[in-house]
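User: Hi! I'm new to reading protein models. Could you walk me through some contacts between charged side chains?

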Amino acid sequence: MDSDDIFEWKLVGKNKKGCRIDKIENFQEKNSPIIRFRTSIEGPCVPERFANFLMDSESRKKWDVSIAQVYEAFPIYDLDMANIILGPKLGDCSRLGVGYCQTKQSVVSPREQLTLCGIQDFKNGGAIIWGTEMEDSENHLFPSGKRHVRARSHIFSSTLTPTGPNSFDVEYVLQLSIGGNVPTFMHAPVITETVSQMFSYAKKYFAGGENGDLAKYICAKKSLQNVLQNRESILLPH
């Protein structure tokens with residue numbers, strides 16, 4: 001346990017790929033474990049690309065075989081108000097919205113979720129990507145159509161911390177109730193397998209090098225920033 005950690009995490013295991021897994025059973029009496037995954041990744045820390053693995057359907061399907069669809073259903077554009085409410089200690093909110101997620105039929109029937117998610121950026125280049133399940137009172141936000149068994153992410157966060165110009169640490173924490181008749185003891189193995197697949201994909205993506213998809217994204221982002229700066233300079237009085 002970390003010296004400054006008030007919770008009693010139990011070490012579940014470490015694998016050859018450098019991932020440490022800890023958990024707390026029945027956290028906050030939610031009848032499901034909270035699981036913490038930690039690993040290190042080689043490559044530049046670009047938080048919005050890591051978030052894209054989770055929030056974008058096409059990117060998610062590259063590592064999560066169970067996903068049917070995931071998208072931002074209701075983006076929240078007033079980020080200034082969000083930052084005022086959250087305060088400066090929690091970073092700068094760069095994205096906020098309500099997302100919808102649905103899984104495919106597998107050994108269990110399809111599940112669906114409705115979550116409030118966001119990205120908090122920090123001055124050191126790190127970020128926290130977070131989410132929590134919406135209350136039942138907000139069920140009217142679900143898309144029209146057939147309803148599925150509700151899974152619930154009581155707590156979700158991915159914390160990205162740069163450790164150098166070309167490396168960063170990731171701490172992924174999730175407390176998920178799968179719902180339905182799935183026994184509680186099955187929650188941790190299912191989550192562990194899914195997160196392991198995500199880490200494997202993320203490590204390949206961020207270590208892609210000069211010809212990788214990440215390098216192309218960074219190049220395109222810089223080009224766009226340059227275009228916007230040039231347009232701004234044209235509009236400013238000389």
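User: How far apart, N to O, are the side chains of K221 and E48 in their salt bridge?

Analyst: Happy to help! This is a predicted model, in which local features need pLDDT of at least 70 and side-chain atom pairs count only at pLDDT 80 or more, while totals for chains, interfaces and linings use all residues. Residues are numbered from 1 along each chain as its sequence is written, and side-chain values use heavy atoms, leaving out hydrogens and water. A salt bridge is a side-chain nitrogen of Lys or Arg within 4 Å of a carboxyl oxygen of Asp or Glu. K221 and E48 form one, with an N to O distance of 2.7 Å.

User: Why does the pair K221 and E48 tie together parts that are apart in sequence, and how many residues apart are they?

Analyst: Helices here are DSSP runs (H or I, at least four residues), and strands are runs of E (at least two), numbered from the N terminus. K221 lies in helix α5 (residues 213–235) and E48 in helix α1 (residues 47–55), so the pair joins parts separated by 173 residues.

User: Are R60 and D64 buried or exposed?

Analyst: Buried means under 20% relative accessible area, exposed over 50%, and partly exposed in between (1.4 Å probe, protein chains only). The side chains of R60 and D64 meet in a salt bridge at 3.0 Å, N to O. By that rule, both R60 and D64 are buried.

User: Which residues are joined into one network by salt bridges that share partners?

Analyst: Start with D136 and R152, whose closest N and O atoms are 2.8 Å apart. D136 sits in the loop between β7 (127–133) and β8 (149–150), and R152 in strand β9 (residues 152–164). Salt bridges with shared partners make one network of E133, D136, R150 and R152.
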